[in-house]
Amino acid sequence: MKKIFLLLTVFSMVFTSCDPLEDITENIEANQASIVGDVAFEMSDDDYDALELSYGSFDSEDDAKALIPELLSGKYPVWGKQSSAAVTYKLYNKKNDEKSLIVYTAQDSDYTDSGLSYTTISSDSQMSQLLDYLYPTPEDRVLVSLTYAKYDSGIVSTVKDGFIYSNGAWEKSTGITEDEYASMGESRAQFSNEDEALVKIPVFLKNKLAYEAPEYNDIYGVMYNLYVTDTEDIDGDEDVSERTEYSYVVFYIYDGVNWVEYNNTINQTIQFGHDGETWVPDNTIKYTLVRNADYAYMASQLTGDEYATLIGNLADYGDFDYNWTDNQIVEALTIFMDYLDPSAEDGQKYVLTYVVYDNGEGNYEKNFIREGGVWVINTDLE
């Protein structure tokens, strides 16, 4: 009889526990969904494979925005609202090299016949006008190695640059002068071979552009010369066995420190935020107020009798104490936002983390967004 009673008790526990177990599961899922995380990473080969991008890059920023949320959901399945992820990815951005070559020196009549007022070039638009006149129907990816008169800051000089016709427009690649070749140890205005060129040009660019403050991901085209067989008969003598000077173009990209050979992809970063349901592109910046400097700044800007007894504590201790109302804290933080990012565009979002002392210190957050040129509380996240 005792065994039967025990079995009935066990079955009773099983059946009566079904609903509580479901409740527990729902509570666990709810807690998981509310987990907030922040991460920044560069996509790996495995990440591209997970998105079935075997070539290891995106074709456009729109593609990245559409596909990366799927990757984030797989990587961080339990992260929820207000989580953030800054993802660096490769964007395919092909720069075409030369397919054929034209070598030409502009004559005085070329400038005037093309409609230019002077026999010099002083802007990109003037150069396009001259090239369009000289080559009205250019082949795609033709490289024109052009010697011309350049006017810059009151000085006229003879220079030679490269211009590739690509996607319906002329793209300039800067040539190397005789003096610059000499500075690289060359006795003539050319390199001995391609390998030597690819070793020396990055060093040349670092020195040449050192004072122009290049920015990360800047791309720079360089035209260089080699002494090779005239397979294209560029001199027009119908002899393709002789050797002559050929021009080539190579592209380099600035990685923040050095110029490295460009492989047709650039690194881009998109920040995503979790809206409670999925990952979406988001420009939210998270900032934690610095003690005591940021609090001291707010104290120095707050005026009026209502703050007279509050700002001393704010500056000295680097926190808001229990005497502050929420409206007063919002006003102080709004003043700080104008100081932190005064030139932000409309739509820029911030999450500020600040300290409140009330029988102990605690971290709190306020969400701001720029609207109409002013900072306001982002009510969508409050």
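Student: Which residues touch the most other members of the largest nonpolar core?

Tutor: In this predicted model, Met43 and Ile201 touch the most other members of that core, which has 47 residues. The general idea is that in soluble globular proteins, nonpolar side chains tend to be buried together.

Student: Which elements give two or more residues to this core?

Tutor: Two helices and four strands are to be named here: helix 4 (61-75) and helix 8 (194-208), then strand 2 (84-92), strand 7 (219-229), strand 8 (243-254) and strand 10 (265-274). Strand 8 contributes seven residues, the most of any element.

Student: What does isoleucine 201 touch, leaving out residues up to four places away in sequence?

Tutor: The contacts of isoleucine 201 are Ile176, Phe191, Val222, Tyr224, Val250 and Tyr252. There is also a second core, separate from the one just described, with 23 residues. Ala299, Leu302, Met337 and Phe368 are among them.

Student: How should I read the confidence of the model, and what is the average pLDDT of the chain?

Tutor: Where pLDDT is low, the predicted coordinates should not be read in detail. Here the chain averages a pLDDT of 89, and 91% of the residues score at least 70. Residues 1-18 stay under 50, and the model gives them zero contacts beyond four places in sequence.

Student: Now the empty space. What is the volume of the largest pocket?

Tutor: Rolling a probe the size of a water molecule over the atoms shows where empty space is left. The largest pocket found here has a volume of about 660 Å³. Its lining consists of 27 residues, and those nearest its centre are Lys150, Asp161, Thr174, Gly175 and Lys208.

Student: Which elements give two or more residues to the lining of the largest pocket?

Tutor: They are strand 4, strand 5, strand 6 (169-175), helix 7 (178-183) and strand 7. Strand 5 supplies the largest share, five residues. Sorted by class, the lining has 11 charged, nine nonpolar and seven polar residues.

Student: Lysine 208 was on that list. Where is the place of lysine 208?

Tutor: Lysine 208 is in helix 8. It counts as partly exposed because its relative accessibility is 31%. Apart from neighbours within four places in sequence, lysine 208 is in contact with Thr174, Glu180 and Tyr220. Lysine 208 and glutamate 180 are 28 residues apart along the chain, and their C-alpha atoms are separated by 9.3 Å.

Student: How many cavities of 30 Å³ or more does the structure hold?

Tutor: One. The largest cavity has a volume of about 30 Å³. Lys160, Gly175, Ile176, Tyr181, Met223 and Asn225 line the largest cavity. By class, that lining has three nonpolar, two polar and one charged residues. Two names have come up before: Gly175 is also one of the residues nearest the centre of the largest pocket, and Ile176 is touched by isoleucine 201.

Student: Let us turn to the backbone. Which peptide bond is cis?

Tutor: Most residues other than glycine have a negative phi, and most peptide bonds are trans. The bond from arginine 291 to asparagine 292 is cis, with omega near 0 degrees. Asparagine 292 sits in the loop between strand 12 (285-288) and helix 9 (293-301).

Student: And the phi angle: which residue has a positive phi of about 70 degrees although it is not a glycine?

Tutor: Arginine 141 has that phi. It lies in the loop between helix 6 (124-134) and strand 4 (142-152). With a relative accessibility of 24%, arginine 141 counts as partly exposed. Serine 153 also has a positive phi, of about 55 degrees, and is not a glycine. Serine 153 is in the loop between strand 4 and strand 5.

Student: Is serine 153 buried or exposed?

Tutor: Serine 153 counts as exposed because its relative accessibility is 68%. Serine 166, in strand 5 (residues 155-166), counts as buried because its relative accessibility is 3%. Outside its neighbours within four places in sequence, serine 166 is in contact with Asn96, Asp140 and Glu171.

Student: How many residues apart in sequence are tyrosine 357 and serine 153?

Tutor: They are 204 residues apart in sequence, and 61 Å apart in space, C-alpha to C-alpha. Tyrosine 357 belongs to strand 14 (residues 349-357). Its relative accessibility is 37%, so tyrosine 357 counts as partly exposed. Not counting residues up to four places away in sequence, tyrosine 357 touches Asp319, Phe320, Asp321 and Tyr322.

Methods. Residues numbered from 1 in each chain as written. Predicted model: local features only at pLDDT ≥ 70, side-chain atom pairs only at ≥ 80, totals over all residues. Heavy atoms only, no water. Core = buried A, V, L, I, M, F, W, Y, C linked by side-chain atoms within 4.5 Å. Buried < 20%, exposed > 50% of the residue type's maximum accessible area, 1.4 Å probe, protein only. Contact = heavy atoms within 4.5 Å. 1 Å grid on protein atoms, 1.4 Å probe; cavity = no way out; pocket = protein on both sides within 12 Å on 5 of 7 lines; lining within 4 Å. Points joined across faces, edges and corners; volume = space filled by probe spheres on them. Nonpolar A, V, L, I, M, F, W, Y, C, P; charged D, E, K, R; others polar. pLDDT = per-residue confidence, 0-100.
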